Amino acid sequence: MGVVMGELRGTHVPVLLERCLELLAPALRLPGAVHVDFTLGLGGHAEAVLERFPEVLLVGLDRDTEALAHSRHRLARFGERARLVHAVYDELPRVLDELDLASYHSGLFDLGVSSLQLDEADRGFAYAQDAPLDMRMDQTSGITAEQVVNEYEPGALVRILRTYGEEKFAPRIVSSIVRERQKGRITSTARLAELVKESIPAAARRTGGNPAKRTFQALRIEVNGELATLEAAMPAALDALAVKGRLVVMSYQSLEDRIVKRALTARTRSTGPVDLPVELPGTGPTLRLLTRGSEPPSEQEVADNPRAASVKLRAVERLDRHETPGAARERPRLSTTHGGQGRLRPGEREEGEGEA
Ligand SMILES: C[S@@+](CC[C@H](N)C(=O)[O-])C[C@H]1O[C@@H](n2cnc3c(N)ncnc32)[C@H](O)[C@@H]1O
């Protein structure tokens, strides 16, 4: 452990940085703008916001104390403009309250693990390096991957590998784990990666990269309660977004993206009676989609930054319910409005549904 402060600076390229700033710019230029970086990490996106929008106040959250320490060092020159808080991102309402802020104007979720977590061998996230089986983003609390692997019932382990890792050989992998743990505790990432590899049929081993990848992803999601936290965080983040405020979310796997898509699109639709041709006051959409479905990275972005390969970016702007349709304005039909405003009618496809 122990990152020498500053040593990682420049080794990490923030994903889709220019696109994020372009989408957030109108909100970052609002008077008194507050930008919340829900996943501060090494502070790459946050630093660019502070540099290019000199009036903006940053609230940076991370559950990883090591990431926070690194960002504190990196952003020190911005003084009071950077308020960094050790918090899980669904705790935003408490954090804003403590900072005496009623809302925020611009927000970014860059989900997943940071390069610090992957590169620091002793964190146990990387299947390619031998380390204790930890995988906690917040090393100050919670259960470790070692506890999950050695102490969970086999049935629960199979469900986790299947659901969070989409691992079709989950029962075979779990049988090997159970056999192994009868001999002694499984304590290292290398041993677990080896067990996974041995459990998978030889033909399947030849395709699809390292066979341990899906198991490691599943354990990481379980250890950090990632999906439940995201489910709780999205509505909390949208509730606190100021009118004309903008939020960008980048996810790296389909389970996360599905949660994000549902939370965002739900608020782009009317909550009024479906058969009324006009919108009743207070029932109009509260969000406008700024991206069509999820935006993939460009080829250039992936070439420059391999971490961007699986990214799915979605962005929204908060509408003012009082400005939007009163009884006098006609309800927009989904099929004619790019961005999916308006309620789905029978037979209409949910915006972005069915995308990879
Ligand atoms: C991909 S990194 C962010 C990188 C960052 N955008 C940058 O430019 O350096 C994701 C970060 O989010 C943090 N994180 C993940 N889940 C979190 C949660 N539920 N609450 C707070 N932070 C979280 C991780 O600890 C990690 O540092």
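This is a short tour of a predicted model, going from the whole chain to single residues.

**The whole protein**

Start with everything shown as a cartoon. The protein has 14 helices and seven strands. Of its 356 residues, 44% are buried. Now think about contacts between residues with a separation of 6 or more. In the protein, 69% of these join residues 24 or more positions apart.

**The sheet**

Select the strands. Seven of them form an open sheet with mixed pairing. Read across the sheet, and the order is S3-S2-S1-S4-S5-S7-S6. Which strands stand at the edges? They are strand S3 (82-86) and strand S6 (287-289). Each has a single partner strand, so one side of each is left without a neighbour in the sheet. On average, neighbouring strands here are turned by 15° against each other, direction ignored.

**Strand S1 and its partners**

Next, select strand S1, residues 34-37. In a regular strand, side chains alternate between the two faces of the sheet. Turn on the side chains of S1. Val34 and Val36 point one way, while His35 and Asp37 point the other way. All four are buried.

S1 runs parallel to S2, and four bridges join the two. It also runs parallel to strand S4 (residues 104-110), with three bridges between them. Click on Asp37 to see both pairings. Opposite Asp37 in S2 is Gly60. Opposite Asp37 in S4 is Leu108.

Now add helix H2 to the view. H2 packs on the sheet and touches S1, S2, S3 and S4. The direction of H2 makes about 175° with that of S2. Helix H3 (residues 65-74) packs on the sheet too, touching S2 and S3. The direction of H3 makes about 165° with that of S3.

**Strand S7 and its partners**

Move along the sheet to strand S7 (residues 312-318). Is S7 largely enclosed or largely open? Six of its seven residues are buried, so S7 is largely enclosed by the rest of the structure.

S7 pairs with strand S5 (residues 241-251) in the antiparallel sense, over six bridges. Pick Leu247, and Val316 in S7 stands opposite. S7 also pairs with S6 in the antiparallel sense, over three bridges. Pick Arg288 this time: its bridge partner in S7 is Glu317.

**Around the ligand**

Go to the ligand. There are 20 residues around it, and those that come nearest are Thr39, Gly41, Leu42, Gly44 and Asp64. Two elements give two or more residues to this shell: H2 and strand S2 (57-62). Colour the shell by residue type. You will find seven nonpolar residues, nine polar ones and four charged ones.

**The recorded binding site**

An unreviewed UniProt entry places the feature "binding site" at Gly43, Gly44, His45, Asp62, Tyr89, Asp110 and Gln117. Visit two of these.

Select Gly43. It sits in the loop between strand S1 (34-37) and helix H2 (44-52). Why does Gly43 count as buried? Because it has 29 C-beta neighbours inside 10 Å, and 20 or more is the cut-off for a buried residue. Leaving aside neighbours within four places in sequence, Gly43 is in contact with Gly60, Ser71, Arg74 and Leu75. Gly60 was seen earlier, opposite Asp37.

Select Gln117 next. Its place is in helix H5 (residues 115-119). Gln117 counts as buried because 21 C-beta neighbours lie inside 10 Å. Which residues does Gln117 touch, not counting those up to four places away in sequence? They are Asp64, Arg123, Phe125 and Met137. Asp64 has also appeared before, among the residues that come nearest to the ligand.

**Two last stops**

Select Ser199 in helix H9 (residues 189-199). Ser199 is buried, with 21 other C-beta atoms within 10 Å. Beyond four places in sequence, Ser199 is in contact with Phe169, Arg172, Ile173 and Ser176. Draw a distance from Ser199 to Phe169, C-alpha to C-alpha. These two are 30 residues apart along the chain, and the distance is 7.9 Å.

Finish at Glu153. Look for it in the loop between helix H6 (145-151) and helix H7 (154-165). Is Glu153 buried or exposed? Glu153 counts as exposed, because it has 10 C-beta neighbours inside 10 Å. Val174 is 21 residues from Glu153 in sequence, and their C-alpha atoms are 9.7 Å apart.

Note on methods. Residues are numbered from 1 along each chain as its sequence is written. This is a predicted model: local features need pLDDT of at least 70, side-chain atom pairs count only at pLDDT 80 or more; totals for chains, interfaces and linings use all residues. UniProt positions are given in the numbering used here, feature names are shortened, and annotations may be inferred rather than shown by experiment. A residue is buried if 20 or more other C-beta atoms lie within 10 Å of its own, exposed if 12 or fewer, and partly exposed in between; C-beta atoms are placed from the backbone. Two residues are in contact if their C-beta atoms, placed from the backbone, lie within 7 Å. A residue is near a molecule or strand if its C-beta atom, placed from the backbone, lies within 6 Å of it. Ala, Val, Leu, Ile, Met, Phe, Trp, Tyr, Cys and Pro count as nonpolar, Asp, Glu, Lys and Arg as charged, and the others, Gly among them, as polar. Two strands pair if DSSP finds at least two bridges between them. Axes are lines fitted to C-alpha atoms, for helices over the stretch in contact, and angles run from 0 to 180 degrees between N-to-C directions.
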